[in-house]
Amino acid sequence: MEKLLQVGVISSTHGVRGEVKVFPTTDDVNRFKKLKQVILDTGKEKMVLEVQGVKFFKQFAILKFKGIDSINEIEKYKGKSLFVDRENAVKLKKDEYFIADMIGIDVYTEDDKFFGVLKDVIETGANDVYMISSEEHGEVLVPAIKQCILNVDIENRKMIIHLLEGLI
């Protein structure tokens with residue numbers, strides 16, 4: 001399982017006092033209100049930044065970090081990802097999983113035959129769709145609904161699915 005979970009990407013600076021616009025990669029943008037610190041992956045190192053202020057503009061979170069007070073100090077981090085460690089991640093409800101934990105999981109049919117590997121999770125309005133790479137069937141899209149997803153075992157890296165008629 002991933003130790004760090006991505007919560008956003010710095011898209012641009014905001015003003016001249018060191019604030020940044022962050023494109024959220026989390027389901028709930030309001031989770032930024034509770035963040036005390038984030039981990040910035042600069043490409044060379046991971047820096048822990050203390051969140052000093054949060055506000056919102058359109059689909060972005062505007063973050064201000066303690067000790068970064070000018071546009072010059074922060075603009076070099078445009079396009080860089082922000083992470084939280086697992087302890088500071090949002091608490092999941094029953095049958096909810098972090099996408100980072102699901103990617104690469106082995107997928108089996110309900111009769112325990114290996115079907116493929118989960119390659120991506122597509123987030124749609126109604127329900128997520130799992131993109132499964134299958135040697136026999138190519139790329140298969142399976143809706144993440146109870147009728148199709150019978151069991152997900154993150155620890156053992158195994159998902160059991162029921163293929164509705166017409167999916168392959």
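Helices (H or I, at least four residues) and strands (E, at least two) are taken here as DSSP runs, numbered from the N terminus. With that in hand, the chain reads β-β-β-β-β-α-β-α-β-β-β-β-β-β from the N terminus on, which comprises two helices and twelve strands. This is a predicted model, in which local features need pLDDT of at least 70 and side-chain atom pairs count only at pLDDT 80 or more, while totals for chains, interfaces and linings use all residues. Residues are numbered from 1 along each chain as its sequence is written, and side-chain values use heavy atoms, with hydrogens and water left out.

Let us start with the overall frame. Taken along the principal axes, the C-alpha atoms fill a box of roughly 60 × 30 × 30 Å. Of the 168 residues in the chain, 35% are buried; buried means under 20% relative accessible area, exposed means over 50%, and partly exposed lies in between (1.4 Å probe, protein chains only).

Now we can walk along strands 3, 4 and 5. Two strands count as paired if DSSP finds at least two bridges between them. Strand 3 (37–41) runs antiparallel to strand 4 (residues 46–57), with five bridges joining them, and Val38 stands opposite Leu49 in strand 4. These two strands form a hairpin with four residues between them, and Gly43 in the turn has a positive phi of about 100°. Strand 4 is also joined to strand 5 (residues 60–65), again in the antiparallel sense, by six bridges. Here Gly53 has Lys64 in strand 5 as its bridge partner.

The hairpin of strand 4 and strand 5 has two residues between the strands. Lys58 lies in the loop there, and its phi is near 55°, a positive value in a residue other than glycine. Lys58 counts as exposed because its relative accessible area is 70%.

Further along the chain, strand 7 (106–109) is a good place to look at side-chain direction. In a regular strand the side chains alternate between the two faces of the sheet. Along strand 7, Val107 and Thr109 point to one face and are buried, whereas Asp106 and Tyr108 point to the other and are not.

Strand 7 has two partners to follow. With strand 8 (114–122) it pairs in the antiparallel sense over three bridges, and Tyr108 stands opposite Phe114. The hairpin of strand 7 and strand 8 has four residues between the strands, and Asp112 takes a positive phi near 65° in it. Asp112 is partly exposed, because its relative accessible area is 47%. With strand 12 (residues 158–161), strand 7 runs parallel, joined by four bridges; the bridge partner of Asp106 in strand 12 is Lys158.

Asp106 also gives us a link to strand 11 (residues 149–153), where Asp153 has its place. The C-alpha atoms of Asp153 and Asp106 are separated by 9.8 Å, although the two residues are 47 apart along the chain. At 25% relative accessibility, Asp153 counts as partly exposed.

Finally, let us turn to charge on the surface. Asp27, Asp28, Glu96 and Glu123 form a negative surface patch. Patches are made of residues with over 30% relative accessible area and no salt bridge, with like charges joined within 9 Å and nonpolar side chains (Val, Leu, Ile, Met, Phe, Trp, Tyr) within 5 Å. A salt bridge is a side-chain nitrogen of Lys or Arg within 4 Å of a carboxyl oxygen of Asp or Glu. Asp28 sits in the loop between strand 2 (19–24) and strand 3, and at 40% relative accessibility it counts as partly exposed.

Key: Areas by Shrake-Rupley, 256 points an atom, 1.4 Å probe, with all protein chains shown as cover. Lys, Arg positive; Asp, Glu negative; His and termini not counted. Charge placed at Lys NZ, Arg CZ, Asp CG, Glu CD.
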